[in-house]
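Visitor: Before we begin, I would like to hear not just the labels but the reasoning that stands behind each of them.

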Amino acid sequence: MIGGTSINTLQVYATPSTQTCDPNSPCLYTGNAKSVTGSRETIKITVKIGTDKNYIATCSDGNTFYVFQSVTDADKSYGSYYINRNGHKYYFNM
């Protein structure tokens, strides 16, 4: 289950997580995630369930990040989920 989000939580997970995907986890999403700030970069991600039972996104560069569910109206307008990568949120729907 995806936990609640807060400013402190987002800062903690702004760097790649050390979590790994459960080898038995099905792929939940494969596709693009897009930043709406900064470079407005689009990255390719794959989402699976991590060994700690949280959703984990693996980026095309091999880095992994926790996945958060959008809860604010602003976040929901960009996508139902996001990762926080390099200080920017990358949104996607799955």
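**Labels and their grounds**

Guide: Read from the N terminus on, the elements of the protein chain follow the order α-β-β-β-β-β-α-β-β, which comes to two helices and seven strands. Please keep in mind that this is a predicted model.

Visitor: How do you know that the strands form an open sheet, and in what order do they stand?

Guide: The seven strands are arranged as β4-β3-β2-β1-β7-β6-β5, with antiparallel pairing. At the edges stand β4 (64-66) and β5 (68-69), each with a single partner strand, so one side of each has no neighbour in the sheet.

Visitor: What makes β1 and β2 count as paired?

Guide: Pairing requires at least two bridges between two strands, and six bridges join β1 (residues 29-35) to β2 in an antiparallel fashion; the criterion is therefore met. Within this pair, Tyr29 stands opposite Val47, and Thr30 stands opposite Thr46. The two strands form a hairpin with six residues between them, and Gly38 in the turn has a positive phi of about 60°.

Visitor: What makes β1 and β7 a pair as well?

Guide: Two bridges join these antiparallel strands, and since the requirement is at least two, β1 and β7 pair. Lys34 has Tyr91 of β7 as its bridge partner.

Visitor: Why is Cys59 called buried, and why is Cys27 called partly exposed?

Guide: Buried means under 20% relative accessible area; Cys59 has 5%, and is therefore buried. Cys27, with a relative accessible area of 41%, lies between the 20% and 50% limits, so the term for Cys27 is partly exposed.

Visitor: How many disulfides does a search of the whole structure find?

Guide: The search finds zero disulfides. The criterion is a pair of cysteine sulfur atoms within 2.5 Å, and the search of the whole structure returns no such pair.

Visitor: What is notable about the phi of Lys53, and is this residue buried or exposed?

Guide: Most residues other than glycine have a negative phi. Lys53, however, has a phi near 75°, a positive value in a residue other than glycine. Lys53 is placed in the loop between β2 (42-49) and β3 (55-59), and because its relative accessibility of 53% is over the 50% limit, Lys53 counts as exposed.

Visitor: Where does Asn86 lie, and why is Asn86 called exposed?

Guide: Asn86 lies in the loop between β6 (81-85) and β7 (88-92), and although Asn86 is not a glycine, its phi is positive, at about 55°. Its relative accessible area of 56% is over 50%, so Asn86 is exposed.

Visitor: What makes Asn24 exposed, and how many residues separate Asn24 from Ile49 in sequence?

Guide: Asn24, in the loop between α1 (7-12) and β1, has a relative accessible area of 70%, which is over 50%, and Asn24 is therefore exposed. Asn24 and Ile49 are 25 residues apart in sequence, while their C-alpha atoms are 8.9 Å apart in space.

Visitor: What can be said of the protein chain as a whole, in terms of burial, contacts and surface?

Guide: Of its 94 residues, 35% count as buried. Among contacts between residues at least 6 apart in sequence, 46% join residues at least 24 apart. The protein chain exposes about 5,400 Å², of which carbon and sulfur atoms supply 50%.

Conventions
Residues are numbered from 1 along each chain as its sequence is written. This is a predicted model: local features need pLDDT of at least 70, side-chain atom pairs count only at pLDDT 80 or more; totals for chains, interfaces and linings use all residues. Side-chain values use heavy atoms; hydrogens and water are left out. Buried means under 20% relative accessible area, exposed over 50%, partly exposed in between (1.4 Å probe, protein chains only). Helices (H or I, at least four residues) and strands (E, at least two) are DSSP runs, numbered from the N terminus. Contact means heavy atoms within 4.5 Å. Accessible areas come from the Shrake-Rupley method with a 1.4 Å probe; for residues, only the protein chains shown count as cover.
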